[in-house]
Amino acid sequence: MTWEKGDGSKKDGDVIDANSPFYIHPSDYPKQMQVNDILNDNNFSEWKQEMTNFMFAKNKTGLVHGSVKKPESTSPTYMAWMRADAMVKGWMTTAMEKDIRTSVIYANTSAEIWKDLEERFEKEGAPRAYELKQSLNATRQDGSSVSSY
């Protein structure tokens, strides 16, 4: 894959390394389903873990977490970044219920979508985590063997 100039022509010698977060494999397409279950109101933790694993395998976590910043429009990497981020946005939104997808579809970047989802869904997890910790504190073995308990 070569870098393209803004006019679509290619510059000789400039190649996107397969290890670059900008690299898009020929078999990748935006509507790929990359997780076992689509995101709904009840499964964000599982969805996030699966999506994180997939993004890591595709070397796109930097786009999602915002560490690979959007370059200036005059940068030679601008179009490569835009294509890679569009691919990630497609992967993410394909794996969401329609109501959730509709609420994030106009985000400018995949990092904005990721942040929005974390803010929306992880807050609900805090009370549940507290509840589980309290339940663990109150749990007693009461003389049962570990295997039967």
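Let me start with one pair of side chains: E118 and K48 form a salt bridge, and their closest N and O atoms are 3.0 Å apart. E118 lies in helix α5 (residues 110-138) and K48 in helix α1, so this pair ties together parts that are 70 residues apart in sequence. By a salt bridge I mean a side-chain nitrogen of Lys or Arg within 4 Å of a carboxyl oxygen of Asp or Glu, and by helices and strands I mean DSSP runs, H or I of at least four residues for a helix and E of at least two for a strand, numbered from the N terminus.

Before going on, please keep in mind that this is a predicted model, in which local features need pLDDT of at least 70 and side-chain atom pairs count only at pLDDT 80 or more, while totals for chains, interfaces and linings use all residues. Residues are numbered from 1 along each chain as its sequence is written, and side-chain values use heavy atoms, with hydrogens and water left out.

K48 has another partner, E122, with the closest N and O atoms 2.6 Å apart. Since E122 is in helix α5 and K48 in helix α1, this pair ties together parts that are 74 residues apart in sequence. K48, E118 and E122 are thus linked in a network of salt bridges.

How many salt bridges does the structure hold? There are five, and one of them joins the side chains of K115 and E119, at 4.0 Å from N to O. K115 and E119 are four residues apart in helix α5, which means that about one helical turn separates them. E119 counts as partly exposed, at 44% relative accessibility, where buried means under 20% relative accessible area, exposed over 50%, and partly exposed in between, using a 1.4 Å probe and protein chains only.

Now let us turn to helix α3, residues 78-94, where D85 lies. Of the 17 residues of α3, 12 are buried, so this helix is largely enclosed by the rest of the structure. D85 is itself buried yet has no salt bridge, and the nearest side chain of opposite charge, K89, is 4.8 Å away; here Lys and Arg count as positive and Asp and Glu as negative, while His and the chain ends are not counted. What does D85 touch, if we do not count residues up to four places away in sequence? D85 touches L63, N108, T109 and S110, where contact means heavy atoms within 4.5 Å.
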